[in-house]
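Q: Could you pick one part of this model and walk me through it closely? I'd like to know how the pieces around it fit together, from the backbone to the side chains.

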Amino acid sequence: MTLQGTDTQSDAVGTVNMTMLAAINCALREEMARNQDVVILGEDVGINGGVFRATEGLFHEFGDSRVIDTPLTESGIVGAAIGMALYGMKPVAEIQFADFIFPAFDQIVSELAKFRYRSAGEFIAPVVIRAPYGGGIRGGLYHSQSPEAYFCHTAGLKVVIPSTVSDARGLLKAAIREDDPVLFLEPKRLYRSLKDDIDTNDEGIVPIGPARIARNGSDVSVFCFGAMVPVVEEAADRATEGGIDVEIVDLRTLAPMDTAAIIKSVRKTSRAVIVHEAPRTGGIGGEIAAIIAEQAVDSLSAPILRVTGYDTPFPYSLEHIYLPDADRVHRAIEEVTHYE
Amino acid sequence: MTVEHREDTELATQQLEAMGRTMALDLYRLLRLTRLVDESITEMQRAGTVGFHIPWTGTEATTIGAATALQSEDWIFPSHRYGGVALARNVEVATLFHHALGTSGDPSLGRQTPGNFGHAASKIVSISSSVSARLSQAVGVAHAAHLKKEDAVVLAYMGAAATAGNDFHAGLNLAGVLRSPVIYFVERKGMDDAPVGTVAPFGEAYGLESFSIDGSDVLAVQAAVVTARDQLIKGGAPVLIDAELKGDPLQRYKYTLEEVGGLSASLLQEMDDSLAIEVEAARDTALASLPATTETLHQHVLSQESSKIEMHLS
């Protein structure tokens with residue numbers, strides 16, 4: 001692999017066909033150039049360029065004071081990032097895999113999320129934490145999990161998950177400009193499988209908060225995010241062949257959630273399916289279902305269905321069974337459509 | 001470096017002379033004020049007026065000695081027993097009572113448990129109840145100051161129990177690797193208070209310089225922190241201070257002032273009496289204040305109120 005023309009690094013200008021990984025690299029480079037206070041810290045993010053090469057080239061471009069290799073201590077990485085943010089810097093901390101975020105759980109939940117509240121706005125810690133999440137790469141129990149629900153349950157955090165190349169760039173840039181802490185979960189299954197044309201002359205900021213209507217439809221609403229979006233698109237294609245018009249809502253920001261977009265879509269289609277990789281019990285799908293039940297139960301023509309990972313730890317060899325696929329999503333779409 | 005227990009009076013004499021009468025007396029004022037505020041809050045806690053309080057009597061020398069050795073641009077991560085830090089940074093006495101009572105005059109609007117005091121204007125960081133979590137944050141603040149080329153250091157207080165916590169080790173490790181200008185200040189009551197009897201070897205293991213001092217001698221504490229700060233500003237290794245509490249710091253300094261400084265007991269008594277009146281007035285001000293209004297419950301969760309919050313309000 002050479003430094004020029006890799007699928008991870010994008011320092012080209014103009015319209016460039018790039019992977020999601022290159023779009024993330026591009027967003028980091030652009031924000032570091034724009035704001036001297038943006039620093040990156042994490043395990044092997046410097047000379048090595050990160051385990052997936054998301055920070056490739058940045059160490060050489062911005063130096064070791066802006067791209068900081070840390071010891072293997074997730075709690076310390078997030079704690080140090082909080083301190084830097086308290087002092088007015090804009091740290092972007094990388095947790096190598098979302099599965100390893102749990103040693104930093106106390107720092108994120110008890111510290112990062114609560115600084116603004118516990119000091120009545122006197123201290124803020126607008127840290128961005130990037131972490132590759134999700135399955136489909138044969139990563140097994142500890143390189144595949146989707147921990148978003150734990151963090152959506154914590155007031156004071158924003159949780160963002162892109163599903164497209166342009167959203168990855170635009171949402172990450174927006175996250176780095178936020179005054180609030182943002183957990184930016186990256187669907188690693190899509191890192192290199194998606195490519196798109198990005199006009200780097202365009203700022204391309206995607207605001208945190210609003211959902212994206214990935215496909216307009218009239219019969220069934222499917223709510224999803226991250227690596228499940230292409231799976232739902234495949235299922236929707238099959239449904240279309242059977243005469244079912246599917247609307248796909250890519251939530252993009254899970255906290256705070258775009259409840260207005262959810263309700264608007266359900267009122268239009270009267271049917272809802274929710275898809276996520278994480279286990280069903282206590283998953284974010286339950287929250288979406290509750291929002292629909294509270295605000296739009298009168299417009300439903302069928303029960304709300306969830307297509308999710310199973311209530312098991314994430315398996316290694318059976319991940320293709322565990323992960324929602326187009327078949328399972330398609331069956332749920334059929335079921336809510338033909339419900340009587 | 002070891003700053004020995006000050007049995008002789010030579011160093012004390014030198015320090016008092018260097019400080020001058022006004023500063024020497026002000027140091028006494030802060031020690032006494034810290035003691036009086038603690039006694040008053042403790043009394044209210046026992047009467048049920050204050051919900052929670054971890055007393056800090058006996059820790060005045062570490063609190064005041066370290067805080068007065070720092071400069072105004074330095075940041076402090078206090079511990080639960082370090083209300084006196086606010087007094088050393090000229091926070092109004094009443095503010096500590098507002099905090100203890102959780103009134104609208106508390107910097108946290110009554111959200112924090114009493115003892116978890118923070119004050120941004122004084123660079124006293126708001127702490128949580130997790131005793132080691134702040135220790136990795138401290139290295140982040142220090143490293144940011146270093147990256148911005150600003151002459152500020154960070155001092156993070158802890159009791160010896162915090163040395164068993166994850167972020168004590170994460171913080172010291174990061175501080176050693178990044179060589180950040182941070183002082184970790186451990187206070188312990190004796191050999192049994194720390195997990196392995198002493199804490200100084202932890203500093204050495206992580207590449208920090210360790211100082212062992214008498215934590216009941218305010219002049220020794222002050223001297224150690226001044227030295228540590230000077231070394232850090234010159235680019236020296238981060239510092240771990242192991243301060244053992246050996247007696248009543250207030251009586252000890254009072255004795256030094258009388259015996260070495262030649263100040264009269266009646267002068268100090270006058271100061272005590274006037275401080276007691278000041279503390280009582282501050283307490284009464286806070287007692288007459290109202291708690292934060294219900295509307296504040298939803299403020300400061302995020303930079304802007306989210307739709308989720310609005311929904312719950314409806």
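A: Let's start at B:His300, which is partly exposed, with a relative accessible area of 22%. That puts B:His300 in the middle class, because only residues under 20% count as buried and those over 50% as exposed. Please keep in mind that this is a predicted model. The backbone at B:His300 is worth a look too: phi is near 65 degrees, a positive value in a residue that is not glycine. B:His300 sits in the loop that links helix 10 to helix 11 (307–313) of chain B.

Following the chain back from that loop brings us to helix 10 itself. Helix 10 of chain B covers residues 265–287, 23 residues in total. From first C-alpha to last, helix 10 reaches 33 Å, close to the 33 Å expected at 1.5 Å a residue.

Now for the side of helix 10 that is covered. The buried residues are B:Leu268, B:Met271, B:Asp272, B:Leu275, B:Val279, B:Ala282 and B:Ala286. A general point helps when reading that list: an α-helix has 3.6 residues a turn, so residues three or four places apart point the same way. As for partners, the buried residues of helix 10 pack against helix 1 (10–47), helix 4 (93–101) and helix 9 (249–259), which also belong to chain B.

Helix 4 gives us a good place to zoom in, since B:His98 is found there. B:His98 counts as buried because its relative accessibility is 11%, under the 20% cut-off. Setting aside neighbours within four places in sequence, B:His98 is in contact with B:Thr103, B:Gly105, B:Asp106, B:Thr285, B:Ala286 and B:Ser289. One of these, B:Ala286, is also among the buried residues of helix 10. If you are viewing the model on screen, B:His98 and B:Ala286 make a handy pair to display, as they are in contact.

One more stop lies ahead of helix 4. B:Asn90 is in the loop between helix 3 (84–88) and helix 4 of chain B. Phi of B:Asn90 is near 65 degrees, a positive value in a residue other than glycine. B:Asn90 is exposed, because its relative accessible area is 65%, over the 50% cut-off.

Putting the picture together: B:His300 lies in the loop between helix 10 and helix 11, buried residues of helix 10 pack against helices including helix 4, and B:His98 in helix 4 touches B:Thr285 and B:Ala286.

How values were computed: Residues numbered from 1 in each chain as written. Chains lettered and ligands numbered in written order. Predicted model: local features only at pLDDT ≥ 70, side-chain atom pairs only at ≥ 80, totals over all residues. Heavy atoms only, no water. Helix = DSSP H or I, 4+ residues; strand = E, 2+ residues; numbered from the N terminus. Expected span 1.5 Å × (residues − 1). Buried < 20%, exposed > 50% of the residue type's maximum accessible area, 1.4 Å probe, protein only. Contact = heavy atoms within 4.5 Å.
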